[in-house]
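Thanks for joining, everyone. I have one structure to walk through today. Please pull it up on your screens.

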Amino acid sequence: MGANQSTHITSADPLQFASVDVTDDPASWTTYEYIVVGGGSAGCVLAARLSEDRNATVLLLEAGKSHLSDVPTRIPFGFSKIFRTPTDWNLYTTAQTNLHGRETYFPRGKILGGTSATNALIYHHCSPEDFDEWVSLGATGWSYADLLPYFKKSEKHTPNTKIARTDLSSRGLDGAWQTRHPSEVAPIDGYAIEACKNLGIPHTEDINTPKGTMGVTHLTGNINSKGQRDSAATAYLTNEVVSRPNLTIATNIMAEKVVFDESGPTIRATGVVVSVGPTSPRYHVAASREIILCAGVVGTPQMLMLSGIGPVEELAKHDIPLVHALPSVGRNLVDHVSTGPLPFRAKPGFTYDYITNRFSGFLALLKWYAFGTGPLSSMGWPSAAFVRSTDPSLPVSRTGEEPIPVTDQTSRPGAPDVELIWFPMTVFDDKFAKPPPGTHGVTLAALLLRPESKGNITLRSRSIWDAPLIDPNCLATENDLNILIRATRLLMRLARTEPLASALEFGPHSGDKSSPWWLCDADPDKVTDKELEDLLRDNALPAKHPVCTASMGSFPETSVVDAELRVHGIDGLRIVDASVFPSQLSGHPCAVIVAMAEKAADMIKKTRRVL
Ligand SMILES: Cc1cc2nc3c(=O)[nH]c(=O)nc-3n(C[C@H](O)[C@H](O)[C@H](O)COP(=O)(O)OP(=O)(O)OC[C@H]3O[C@@H](n4cnc5c(N)ncnc54)[C@H](O)[C@@H]3O)c2cc1C
């Protein structure tokens, strides 16, 4: 099937859209104007927007399967059930020196919709101040004011004043991507919110406004009117979009590398090599205007390096011919760091632990399927508190003692560096293992939102089929560790604040660190900072928000793309995904990535009109 034929979603037969690798002459390859690599959170937006112009032919390449008729990704509360399945890339970090050498799980979605189809559904603009920092780092045109129209363009928000008064002047009401509060949350949620208020954390009705993100809030999620997840694929790849004759969507296809025309005065990206397995034939497909990499924070730098763009020494290590040296490719990996799950015992009736019982779980599934309601329509983290670890009003130390020293890492004084969250079930590890029958609990966690520590993505081999080495370098600085120690003690205080305290059950303070409940029972005035440090080194995890591995900036020595998201020194190649963030946001990144893709689509369309 060629570029001009009617298409829907094709799977695993590159001959339907690409040319067999019989010649090096791109003129003989199947040609599209735009090739979008990676049908994830950003890629779906770009494919949909660029193909609005019926004269533009667009090919979307996705390594994972189609989202159509995939049920697990539709269940809002069930995202952890996707972990380590074929819908996930099954990635792990390298041994983390500062986490007692642990290799931690690093989930990423492998399906149309990408990680927006497998994440925790939290819709967040993040802090307006974060984007001021972006501008100061060379990302001209990416201030919060610049992005707000695209947040609005992408969102279709349905308010629910019974839960919170969202600020409709800052929210999109007729965009593609649905957001709303879940119709049901576990009772423990209200207790945690009230406890936050009693602890001195202000209540914020809507954190997605120019006023910023501080305070405790009911989160909005990407949930549709049927209580199902709305991913970038379900939102943007509608039946109308998928049936456009100028759009080809190819799934179960790996994009291996970009190829270039180096014969002219500038280097131009001309095509992509694809395959369906490590030993399958290679196929070529050409782009007459642009190739847009949307393969995510891991896939994009891996592809760039395999294509010959990256740090000279890294390419040389794998005998990859250098096309263009860009030392920042794969560098500057920053992820939020979570305390990891910290379970606290709850009294019966407050949590969703009962759905781990097979019969109750089945009833919950039926309820969700038939009515779109019940626990499975809820979000894992339906509310959260955004705070500053340096806030002198918050109890982050033992009574009467100075808190462990930290220096401020926030983007600006109005932005947070810590997020407190609560999951209405007992989780003993990141596998979300089933707790023993009869267990009732809430799992608390804190996220370090502005780590100083930076890691990198490097190549394991010169094959795209070998996952690259992922080193987020968690807790590499003392300051990162100390902020998380303050946050952990704050969580302990929150648990012992009414009315949450009355919904939980505490045992006597004990030194038994082998018990999963030791932090629950530990007295926040007795536990030492050293004990909390040991806990974090044993329990902390990258918080699944990695960014910056092909960052935006003005200089090729320190960044990979310019403010128009064009790869420095290469014509016809852009990057649109989490890898281009100039710095880490103090919040959840998916809404920003979708808004960024909306803005990028406008930029690309404008170029097309000019040419
Ligand atoms: C468990 C979890 C929970 C999270 N919760 C939230 C949350 O609640 N809110 C929030 O805002 N963020 C959350 N995030 C983070 C957020 O979802 C991601 O940062 C975001 O979706 C990344 O978007 P992206 O476009 O950069 O990449 P992705 O959405 O991951 O898209 C990349 C796509 O490229 C494809 N791909 C990769 N390599 C290739 C290749 N070589 N050839 C072809 N295709 C390829 C992938 O299969 C994927 O579809 C969470 C993440 C995880 C893992």
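**A walk through the model**

Let me start at G190, which lies in helix 4, residues 188-199. One thing to keep in mind: this is a predicted model. Is G190 buried, exposed or partly exposed? G190 has 17 C-beta neighbours inside 10 Å, so G190 counts as partly exposed. The buried class needs 20 or more. Now look across to S383. G190 and S383 are 193 residues apart along the chain, yet their C-alpha atoms are separated by 9.0 Å.

Let's zoom out. The chain has 14 helices and 25 strands. Its radius of gyration is 24 Å. A compact globule of 611 residues would come in near 25 Å, so the value agrees with that picture. Along the principal axes, the C-alpha atoms fill a box of roughly 75 × 50 × 45 Å. Buried residues account for 57% of the 611. Now the contacts with a separation of 6 or more. Of these, 73% join residues 24 or more positions apart.

Next, domains. The assignment gives two entries, and each is pieced together from separate stretches. Domain 1 takes 9-68, 233-334 and 548-610. Domain 2 takes 182-218, 339-448 and 475-539. Their C-alpha centres lie 38 Å apart. UniProt, in an unreviewed entry, also places a feature at residues 32-337, "domain: Glucose-methanol-choline oxidoreductase N-terminal". That span is 22% helix and 20% strand, and its end C-alpha atoms lie 41 Å apart.

On to the ligand. Which residues come nearest to the ligand? Of the 42 residues around it, those are G38, G40, G114, G299 and C590. Elements giving two or more residues to this shell are helix 1 (41-50), strand 11 (254-261), helix 7 (296-306) and helix 14 (590-610). Helix 7 provides the largest share, four residues. By type, the shell divides into 21 nonpolar, 16 polar and five charged residues.

Now a residue with an annotation. The unreviewed UniProt entry puts "binding site" on T115. T115 sits in the loop between strand 4 (58-61) and strand 5 (122-123). T115 is buried, because 26 C-beta neighbours fall inside 10 Å. Leaving out residues up to four places away in sequence, T115 touches G40, S41, R108, G109 and G296. Recall that G40 is among the residues nearest the ligand.

Two histidines next. UniProt, again in an unreviewed entry, lists H545 and H588 under "active site". They span 44 residues in sequence, but their C-alpha atoms are no more than 7.0 Å apart, so the two gather at one spot. Where does H545 sit? H545 is in the loop between strand 23 (541-542) and strand 24 (570-571). H588 is in the loop between strand 25 (573-575) and helix 14. Both are buried, because H545 has 23 C-beta neighbours inside 10 Å and H588 has 26 within that distance. Beyond four places in sequence, H545 contacts D335, H336, H588 and P589. On the same basis, H588 contacts I122, H124 and H545.

Now helix 2, residues 128-136. Its buried residues are P128, E129, D130, F131, E133 and W134. Helix 3 (144-154) is part of what covers them. After helix 2 comes G138, with a positive phi near 105°.

Last, some backbone geometry to check. Most residues other than glycine have a negative phi, and most peptide bonds are trans. Here are the exceptions I picked out. C126, in the loop between strand 5 and helix 2, has a positive phi near 70°. C126 is buried, because 26 other C-beta atoms lie within 10 Å. N252 also has a positive phi, about 55°. N252 is in the loop between strand 10 (247-251) and strand 11. With 17 C-beta neighbours inside 10 Å, N252 counts as partly exposed. Then there is a cis peptide bond. That bond runs from E498 to P499, with omega near 5°. P499 sits in the loop between helix 10 (478-495) and helix 11 (500-503).

That's my tour. Over to you.

Definitions and conventions. Residues numbered from 1 in each chain as written. Predicted model: local features only at pLDDT ≥ 70, side-chain atom pairs only at ≥ 80, totals over all residues. Buried ≥ 20, exposed ≤ 12 C-beta atoms within 10 Å, placed from the backbone. Contact = placed C-beta atoms within 7 Å. Near = placed C-beta within 6 Å. Nonpolar A, V, L, I, M, F, W, Y, C, P; charged D, E, K, R; others polar. Rg over C-alpha atoms; globule rule 2.2 N^0.38 Å. UniProt positions renumbered as here; feature names shortened; annotations may be inferred. Domains from an automatic or database assignment.
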